[in-house]
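Visitor: I'd like a close look at one part of this model, and then a walk outward from there. Could you take me through it slowly?

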Amino acid sequence: MLVDSRFIGALAGIVAVASLGGCAANVAPPVTVAAPAAAQWPALVKPDHHDPAIEARIAAILSEMTLRQKIGQMTQADIRSITPDQAREHYIGSVLNGGGAWPGGAKQAAVADWVSLARDYHAASMTTDLTTKIPVIWGTDAVHGHNNVFGATLFPHNIGLGAAHDPELVGRIAHLTSKQVRATGISWIFAPTLAVVQSPRWGRTYEGYSSDPALVRDYASAFVTAMQGDLTGPTTAIATAKHFIGDGGTWLGKDQGETRTTREELIRTHAPGYFGALEAGVQTVMISYSSWTDTGAGAAHGKMHGNRELITDVLKGELDFDGFVVSDWNAIEQVEGCTRTHCAQAVNAGIDMFMVPDDWQQFIEETIADVESGAVPMSRIDDAVTRILRVKMRSGMFAASPIPAAAADSDLASDAARMTAREAVAKSLVLLKNTERSPLPLAANSKVLLVGRAADKVPPQLGGWSLTWQGDLTDDSDYPLADDMLSALQKALSAGGGKVDFSEDGQGVDVSAYDAVIVVHAEDPYAEMKGDIEYPATIRHTARYPQDLAALERVSGKGVPVISILFSGRPVYANDLLNLSDAFIAAWLPGTEALGITDVLLRQPGGGQSKDFTGRLPFVWPADPCPEVAAQPVLFDRAYGLQSSDRTKSAGLPVDNRLSCPTLPN
Ligand code: GLC
């Protein structure tokens with residue numbers, strides 16, 4: 001998954017040939033391989049949601065609307081910046097709760113509070129002076145369950161689902177998530193993320209499923225089909241294929257950066273998720289912050305939010321997408337010549353709904369002026385409003401209020417949600433090392449020493465997009481139903497007569513008193529650009545978290561087997577941790593149900609093994625802290641993963657403690 005393989009070839013090839021001394025002897029003469037056929041945008045087979053009656057009704061409503069009412073319908077505001085009364089007055093088409101936005105600004109707001117606010121916005125939209133009332137649609141980032149809502153079961157982030165290699169599971173999670181979201185009165189979900197991530201430096205790596213475009217396509221199809229159902233059910237929600245296109249391919253993994261690929265590569269690597277989502281009938285697409293430079297044609301196309309060719313000619317044209325396109329959070333300001341409240345180029349590019357969370361009023365005024373001046377044709381506005389009304393009408397919002405009659409929190413942490421999340425955690429675990437000394441699977445009556453600053457905390461296993469945008473400013477009291485590693489081991493071992501003691505840093509503990517030591521390593525939670533590991537920093541985990549290595553050094557090599565568990569949003573360089581561990585598990589960001597981990601770590605009280613490791617790497621695992629310039633950048637290939645019966649040699653891996661990577665041409 002590291003930096004895209006061609007990139008390694010380009011740079012590492014220089015190093016490799018030099019270090020390998022050119023071609024080895026006895027190498028077969030080069031075989032001329034036919035270039036792959038130029039990739040074309042495919043003709044997709046999609047569900048036919050076209051309904052002449054709906055189209056006729058939309059045309060009639062459109063004919064009654066003023067320009068101001070139309071532009072209001074194209075505007076999406078954050079709930080912290082608009083009241084229901086303002087939404088009514090300005091004919092607002094959509095609201096959203098950005099990460100960390102809750103009803104009344106209360107982090108632990110109850111489901112009833114969410115439902116009440118949703119009902120207020122809906123009532124406001126149904127009492128405008130429009131001839132035909134148009135219901136507002138509320139969108140939310142439920143990207144690993146309904147993660148903004150207190151008490152919700154949180155599923156593993158997408159990287160862990162990618163390791164599970166289980167589209168059917170992903171479909172079940174999608175539907176459980178839409179049930180959670182609909183229970184709060186919300187009916188539009190900004191998911192799935194379909195990035196095919198090329199560099200672990202990207203702070204959003206964990207929002208991607210895999211670097212395998214085929215898996216992303218399968219997951220997109222399963223997710224959208226399950227989440228949207230027939231578009232009108234009481235537990236379905238409108239899905240969002242995001243972020244179109246190439247968000248996961250930026251240079252050195254820089255968030256909102258420049259994706260440098262040929263058109264063929266864009267289609268072959270970054271588009272398959274959209275093919276899967278469109279074939280499943282996805283109703284909305286969110287545009288990427290990133291820009292695209294066509295390295296085949298040598299053409300810099302600029303920010304995606306201004307790319308008319310890909311949004312209108314390709315997505316809406318060749319791929320025949322008839323839902324609506326939404327911009328990202330203030331993203332239009334990044335289009336050359338634009339501000340966050342004024343961007344005729346983005347409107348003309350084909351964006352239909354504008355996420356202008358705070359400055360929505362100015363956006364409305366400036367866009368009206370653009371239409372009146374002729375900078376934006378009325379036909380473009382009519383297309384945008386038609387698409388928005390089409391999705392709202394298809395989802396049944398005109399026929400009945402999407403707000404539940406009574407607030408019930410039964411879906412937020414239902415038995416089905418918790419058991420499915422626990423199943424997903426178990427399936428997401430990837431066993432990377434398991435020597436002859438490994439104690440896996442542990443006996444249920446084991447005496448275990450648990451070490452690590454993250455081992456008794458829930459937030460590090462959740463990552464970003466968890467109650468807050470960054471997954472920070474929270475603690476275990478915000479997740480009353482969750483299990484962290486300590487509570488999960490306490491529950492699992494007590495059932496079998498075992499016990500667990502906890503030490504945050506392994507200092508002053510007599511390790512010999514235990515059957516095994518479990519050391520938890522973790523990244524602190526992050527989201528988006530705040531999680532970028534910016535080049536030339538290395539991707540060595542212990543460069544950022546030296547305390548994890550220190551804790552492991554205190555308990556390793558003492559004659560008691562050590563199991564390392566890493567909570568991370570991406571593969572990282574971890575040879576130093578691997579060398580000191582008898583078993584090493586990549587657990588990604590598992591969510592609230594850590595019992596899914598002990599289900600695999602421990603035998604059942606009767607001695608049987610309840611579950612084995614089935615997870616396989618969704619991305620390659622790095623062999624070097626600077627994979628971009630490494631001759632041998634890959635330690636474990638994508639799809640690598642051991643079972644507990646597999647044993648690996650414990651030969652030491654080379655450890656590279658550089659703190660900085662070589663300078664690169666930009
Ligand atoms: C963010 C993200 C996008 C999210 C949106 C609303 O910046 O890029 O994925 O849906 O804003 O929170």
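Visitor: Let's zoom in on the pairing with β7: which residue in β7 is the bridge partner of lysine 242?

Guide: That would be methionine 286, which sits across from lysine 242 as its bridge partner in β7. Keep in mind that this is a predicted model. The pair belongs to the contact between β5 and strand β7, residues 284-287, where four bridges link the two in the parallel sense.

Step back a little and you'll see an open sheet of three strands, ordered β5-β7-β10, with parallel pairing. The edges are taken by β5 (240-244) and β10 (324-326); each has a single partner strand, so one side of each is left without a neighbour in the sheet. Going from one strand to the next, the twist averages 25°. There's a helix on this sheet too: α10 packs on it and touches β5 and β7, with a direction that makes about 155° with that of β5.

Now follow α10 to its partner helix. Helix α9 covers residues 263-270 and helix α10 residues 272-279; their axes come within 5 Å and cross at roughly 55°. Angles from 35 to 65 degrees fall in the oblique class, and α9 and α10 are therefore oblique to each other. On the α9 side, Ile267, Arg268, Thr269 and His270 make the contact, meeting Pro272, Tyr274 and Phe275 of α10. Sort the residues of that contact by character and you get four nonpolar, two polar and one charged.

Back to the other edge strand for a moment, β10 (324-326). Phe324 is one of the residues touched by arginine 387, along with Lys316, Phe321, Asp322, Gly323 and Asp352, once residues up to four places away in sequence are set aside. Arginine 387 itself lies in helix α14, residues 378-394. With a relative accessibility of 9%, arginine 387 counts as buried, because the cut-off for buried is under 20%.

Another parallel pairing is worth a glance. Strand β1 (residues 75-78) and β2 run parallel and are joined by three bridges, and glutamine 76 has serine 94 as its bridge partner in β2. Strand β2, residues 94-97, is covered on both faces: Ser94 and Leu96 are buried on one side, Val95 and Asn97 on the other.

Further along the chain, have a look at helix α19, residues 546-555. Its buried residues are Asp548, Leu549, Ala551, Leu552 and Val555. Seen down the axis of α19, these fall within an arc of 160°, so they line one face of the helix. What they pack against is a mix of strands and helices: β13 (447-451), β15 (516-522), α18 (541-544), β16 (562-567) and α20 (575-579). After α19 comes glycine 557, with a positive phi near 70°.

That list of packing partners included α20 (575-579), and it gives us a last stop. Valine 655, in the segment after β19 (634-636), is in contact with Tyr573, Asn575, Asp576 and Asn579, leaving aside neighbours within four places in sequence. Measure by C-alpha atoms and valine 655 is 9.5 Å from leucine 577 in space, although the two are 78 residues apart in sequence. Relative accessibility for valine 655 is 38%, so valine 655 counts as partly exposed.

Definitions and conventions: Residues are numbered from 1 along each chain as its sequence is written. This is a predicted model: local features need pLDDT of at least 70, side-chain atom pairs count only at pLDDT 80 or more; totals for chains, interfaces and linings use all residues. Side-chain values use heavy atoms; hydrogens and water are left out. Buried means under 20% relative accessible area, exposed over 50%, partly exposed in between (1.4 Å probe, protein chains only). The arc is that of the directions from the helix axis to the C-beta atoms. Contact means heavy atoms within 4.5 Å. Axes are lines fitted to C-alpha atoms, for helices over the stretch in contact, and angles run from 0 to 180 degrees between N-to-C directions. Angles under 35 degrees count as roughly parallel, over 145 as roughly antiparallel, 65 to 115 as roughly perpendicular and the rest as oblique. Ala, Val, Leu, Ile, Met, Phe, Trp, Tyr, Cys and Pro count as nonpolar, Asp, Glu, Lys and Arg as charged, and the others, Gly among them, as polar. Two strands pair if DSSP finds at least two bridges between them.
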